[in-house]
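Student: I have a model open and would like to learn how to read its helices, core and sheet. Could you walk me through it?

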Amino acid sequence: MARLQQVVVDCETPAALARFWAAALDEFDIRPYDEAEIARLASLGYTPETDPSVILDGPHLEICFQKVQLEPRSKTPVHFDIVSAAWLSEIDRLVGLGANVKERFEAHAWMRDPEGNDFCVVDGDHGGSGLQHGDELT
């Protein structure tokens with residue numbers, strides 16, 4: 001058997017996008033940079049702000065933001081669903097962090113992070129499990 005250890009998000013600005021998601025998600029923090037890592041990055045011509053691979057550590061999963069050249073697309077093939085009992089307030093908070101609302105539905109909102117990656121905010125008072133089979137897909 002295998003277990004999921006890390007989700008990798010291809011992006012243009014790993015440090016900025018990691019900061020957005022660290023602020024968006026409870027219990028996720030940017031992996032700290034120790035002196036050895038800062039020296040390693042410097043030897044490659046990078047700083048923590050220009051690091052091409054930034055890790056968020058969470059309770060059971062890492063999220064890696066890695067710099068790649070992306071081709072524009074209208075919809076990303078994979079997205080995060082995040083749940084909140086105060087989902088309408090959460091939408092406003094995330095917009096304040098740089099996200100935008102693509103479309104609102106009865107119990108969830110389709111949003112985009114600052115780089116245009118899709119994600120949904122789901123109403124936790126309605127089960128918080130996201131969409132069910134046959135629901136409208138976003």
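Tutor: Happily, and let us begin with helix 3, residues 87-97, whose buried residues are Trp87, Glu90, Ile91 and Leu94. Buried means under 20% relative accessible area, exposed over 50%, and partly exposed in between, with a 1.4 Å probe and protein chains only. Helices (H or I, at least four residues) and strands (E, at least two) are DSSP runs, numbered from the N terminus. This is a predicted model, where local features need pLDDT of at least 70, side-chain atom pairs count only at pLDDT 80 or more, and totals for chains, interfaces and linings use all residues. Residues are numbered from 1 along each chain as its sequence is written, and side-chain values use heavy atoms, with hydrogens and water left out.

Student: Why are those buried residues on the same side of helix 3?

Tutor: An α-helix has 3.6 residues a turn, so residues three or four places apart point the same way. Here the buried residues cover an arc of only 105 degrees around the axis, which puts them on the same side of helix 3; the arc is that of the directions from the helix axis to the C-beta atoms. On the other side, Ser89, Asp92 and Gly96 are exposed.

Student: What covers the buried residues of helix 3?

Tutor: The cover includes helix 1 (14-24) and strands 5 (80-84), 6 (100-104), 7 (108-112) and 8 (118-123). Contact means heavy atoms within 4.5 Å.

Student: Which residues have the most contacts inside the largest nonpolar core?

Tutor: In soluble globular proteins, nonpolar side chains tend to be buried together. The largest core here has 24 residues, and those with the most contacts inside it are Trp21, Leu56, Phe65, Leu94, Met111, Phe119 and Val121. A nonpolar core is a set of buried Ala, Val, Leu, Ile, Met, Phe, Trp, Tyr and Cys residues joined through side-chain atoms within 4.5 Å. Helix 1 gives the largest share of this core, seven residues.

Student: In what order do the four strands form the open sheet?

Tutor: Strands of a sheet pair through backbone hydrogen bonds, either parallel or antiparallel. In this open sheet the order is 5-8-7-6, with mixed pairing; two strands pair if DSSP finds at least two bridges between them. Strand 5 and strand 6 stand at the edges, each with a single partner strand, so one side of each is left without a neighbour in the sheet. Strand 7 and strand 8 pair in the antiparallel sense over five bridges, and Met111 has Phe119 in strand 8 as its bridge partner.
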